[in-house]
Amino acid sequence: MRFRKPFFLSLIAGAIGGGLASILGLAGTGNGITIIPGTMLYIGNGQLAQYLLMVAVSFVLGFALTYMFGYEDEKEVATEVETERLVQEETTGNIPAALQNETLVTPIVGDVVALADVNDPVFSSGAMGQGIAVKPSQGVVYAPADAEVSIAFPTGHAFGLKTTDGAEVLIHVGIDTVTMNGEGFEAKVAQGDKVKAGDVLGTFDSNKIAAAGLDDTTMVIVTNTADYASVAPVATGSVAKGDAVIEVKI
């Protein structure tokens with residue numbers, strides 16, 4: 001039964017009112033519904049004032065007890081909150097997470113390149129967000145953190161992730177590699193997949209990228225940079241799987 005708490009509180013108030021009626025010696029002249037119709041039972045016996053006092057005490061106590069102890073059970077409130085959360089998760093596809101300080105590990109094994117030195121103004125200007133670039137020595141893309149795959153391009157050349165701590169990360173393998181239409185790339189994950197740091201997201205063939213006359217330098221961008229106080233590279237030179245490359249701080 002919903003609102004059990006106010007129901008039992010009203011029973012307590014009514015019981016106290018009944019006790020007061022007994023103390024006052026109330027004796028109606030018949031049976032009837034209480035409150036306004038009930039007043040008719042006490043008009044003729046001179047106890048109307050006592051009856052109204054008893055009713056007032058019961059009402060005031062009922063309101064006072066409900067005000068003091070609330071009208072919803074904690075379990076009911078918790079259930080409603082959980083239900084709302086689940087509905088939100090089902091309709092939006094994820095639970096909005098509060099941003100946390102976070103360290104991202106490299107998704108690419110190779111040599112770190114400053115983002116400003118990348119030969120693509122879309123990335124080097126920082127318009128997409130801050131991050132790093134890596135010149136690959138291996139053709140494997142790893143997850144930089146525990147995350148959900150928000151975007152997995154069918155061409156396999158780029159992945160978007162939202163980490164469990166709230167960072168939104170774009171991993172873009174090569175420059176203008178979208179023009180290869182997936183040749184030399186293979187995605188290992190799909191949109192909505194949950195991944196752990198170090199899981200394989202996809203593979204690529206640097207030789208095929210070079211044969212197409214393109215650069216395989218891979219950009220790792222925190223696209224919600226504006227949500228953080230700081231997004232800073234923490235690695236230089238060669239990086240191996242599991243090495244930290246970016247720190248984000250709120």
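## Exposure and the model

Buried means under 20% relative accessible area, exposed means over 50%, and partly exposed lies in between, with a 1.4 Å probe and protein chains only. By that scale Ala127 is exposed, because its relative accessible area is 65%. Ala127 sits in the loop between α5 (121–124) and β3 (130–136). Helices (H or I, at least four residues) and strands (E, at least two) are DSSP runs, numbered from the N terminus. The C-alpha atoms of Ala127 and Thr223 are separated by 8.9 Å, with the two positions 96 residues apart along the chain.

This is a predicted model: local features need pLDDT of at least 70, side-chain atom pairs count only at pLDDT 80 or more, and totals for chains, interfaces and linings use all residues. Residues are numbered from 1 along each chain as its sequence is written, and side-chain values use heavy atoms, with hydrogens and water left out.

## A covered strand

Strand β11 (residues 218–222) is mostly covered, with 5 of its 5 residues buried. Thr218, Val220 and Val222 are buried on one side. Met219 and Ile221 are buried on the other.

β11 pairs with β3 and with β7. Two strands pair if DSSP finds at least two bridges between them. β3 joins β11 through 5 bridges, running antiparallel. Here Val134 has Thr218 as its bridge partner. Strand β7 (residues 168–173) is also antiparallel to β11, again over 5 bridges. Leu170 is the bridge partner of Ile221 there.

## Two open sheets

One open sheet has 3 strands in the order β1-β14-β12, with antiparallel pairing. β1 and β12 (230–233) are the edges; each has a single partner strand, so one side of each lacks a neighbour in the sheet. The twist averages 20° from one strand to the next. Such angles run from 0 to 180 degrees between N-to-C directions, and the axes are lines fitted to C-alpha atoms, for helices over the stretch in contact. β1 and strand β14 (residues 244–249) share 4 bridges in the antiparallel sense. Val105 is matched with Ala244 in β14.

Another open sheet of 3 strands runs β4-β10-β8, also with antiparallel pairing. Its edge strands are β4 (140–142) and β8 (185–187), each pairing on one side only. β8 meets strand β10 (residues 200–204) through 3 antiparallel bridges. Glu186 stands opposite Thr203 in β10.

## Loops

Thr106 lies in the loop between β1 (102–105) and β2 (110–113). Thr106 counts as buried because its relative accessibility is 1%. A polar atom of the Thr106 side chain lies 2.6 Å from the backbone oxygen of Ile108.

Most residues other than glycine have a negative phi. Two residues in the loop between β7 and β8 have positive values: Asp176 and Asn181. Phi of Asp176 is near 65°, and that of Asn181 is about 55°. Asp176 is partly exposed at 46% relative accessible area, whereas Asn181 is exposed at 62%.

## Salt bridges

The whole structure holds 6 salt bridges. A salt bridge is a side-chain nitrogen of Lys or Arg within 4 Å of a carboxyl oxygen of Asp or Glu. One of them joins Asp146 and Lys196, with the closest N and O atoms 3.9 Å apart. This pair links distant parts of the chain, 50 residues apart: Asp146 is in the loop between β4 and β5 (147–152), and Lys196 is in the loop between β9 (194–195) and β10. Asp146 is partly exposed at 30%, while Lys196 is exposed at 52%.

Glu148 and Lys194 form another salt bridge, at 3.7 Å between the closest N and O atoms. Glu148 belongs to strand β5 and Lys194 to strand β9, 46 residues apart. Lys194 is exposed, at 63% relative accessibility. Lys188 also forms a salt bridge with Glu186, at 3.2 Å. Both partners are partly exposed: Lys188 at 45% and Glu186 at 42%. Lys135, Asp215 and Asp216 are joined into one network by salt bridges that share partners.

Terms used. Polar contact = N/O pair within 3.5 Å; in protein donor to acceptor, adjacent residues only side chain to side chain.
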